[in-house]
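Me: Please give me a close look at the aromatic residues of this model. Which side chains come together, and what surrounds them?

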Amino acid sequence: MQLAVTPADARSAEILQSIRKMFADKGFDGASMQDLARAAGMSVGNFYRYFPSKAAIVEALVMYDVKDVSREFEKVMEAPDPLAAVRFALEEHVRGHLCDEDIDAPLWAEMSAAAMRKVEIATAMHRMEDEIKNYFFRVFAKVTGLSVEECAARFNAHVLFMMLMIKGSAMVCPPSLRTEPGLQALIMRAVDDVLADISAAKLSAQRAKG
C-alpha cells in the first residue's frame, strides 16, 4: 500500500527541485544555507523549518532519487525482456550525464566528492548505492532463475562496475569533454560485456534445468 503524500512532503520536493542547480553549481561547501533559501524563494528561517542542515538536504535528495530509481526498476521488472530494459535505462542515464545541460550529473558528482570528506554524506550515498545494487540483483534473479542471494554473490562486481561507469559519466571534467565522440558508445560497450555475463548465466541455468 502506498503512503499518501503529505503537503509537507510535496513542498519539500518542490524546494529540492528548486535548489538542485544551486547545489550543483556552488558545491556542498560553497552553497550556503542563505544561497539555497534564496534559490527556493524562501526566507532563511522558513527554509530551516524544512531542512535544518545541508546534510539533511542531501539525505532528502537521496530519498527522493531512490524513489525514482525504485519506480524505474519496477518498470524493468515488468518488461518482457528485463535485460534489454536495463540496458536502455542505463544508456538513457549515460546520455543524460554526458549532456552539458543535465543538472543531475554535476549535482551527484559534487555529492560523491563531498562523501569523501563528510561521513554523513558518505552514509547517505552508500545507502542509495546499496538500494540500487539490490534492485539489480532482483532483476538478475528474475532473468537467470537464480536466487537474489546467489545473484548478489555472483554478480556483485558486475553491478559495481556498471555503477562506476554510470557515475563516471557524470564526473567527466571539464564538462566540455562529455561530448567527446564515441565516449557514450565505449561506456555502453563495457555495459554490454557485463550484461552478456548475465545472459550466459541465464542460458547455463536453463541447461541445468533441462
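**The aromatic cluster and the pocket**

Reply: F155 is buried (under 20% relative accessible area with a 1.4 Å probe, protein chains only; over 50% is exposed, in between is partly exposed), because its relative accessible area is 3%. This is a predicted model, where local features need pLDDT of at least 70, side-chain atom pairs count only at pLDDT 80 or more, and totals for chains, interfaces and linings use all residues. Residues are numbered from 1 along each chain as its sequence is written, and side-chain values use heavy atoms, with hydrogens and water left out.

F140 is buried as well, with a relative accessible area of 0%.

Now the ring pairs. The whole structure holds five aromatic pairs (Phe, Tyr or Trp rings, six-membered for Trp, with centres within 6.5 Å; planes under 30 degrees apart are stacked, over 60 edge-to-face, the rest tilted). One of them joins F73 and F136 edge-to-face, at 5.1 Å centre to centre and with 80° between the planes. This pair links distant parts of the chain: F73 is in helix α4 and F136 in helix α7, 63 residues apart. Helices here are DSSP runs of H or I, at least four residues, numbered from the N terminus. Both F73 and F136 are buried.

F140 and F155 make another edge-to-face pair, with 5.9 Å between centres and 85° between planes. F140 sits in helix α7 and F155 in helix α8, so this pair ties together parts 15 residues apart in sequence. Ring pairs join F73, Y135, F136, F140 and F155 into a cluster.

Next, the pocket. The largest pocket has a volume of about 870 Å³. A pocket is an open set of points on a 1 Å grid over the protein atoms alone where a 1.4 Å probe fits, with protein on both sides within 12 Å along at least five of seven lines; lining residues have an atom within 4 Å of a point. Its volume is the space filled by probe spheres set on the points. The pocket is lined by 33 residues, and V69, H93, H97, I132 and I166 are the closest to its centre.

Helices α1, α4 (54-78), α5 (82-97), α6 (104-115), α7 (119-144) and α8 (148-170) each give the lining at least two residues. By type, the lining has 19 nonpolar, five polar and nine charged residues. Charged means Asp, Glu, Lys and Arg; nonpolar means Ala, Val, Leu, Ile, Met, Phe, Trp, Tyr, Cys and Pro; the others, Gly among them, are polar.
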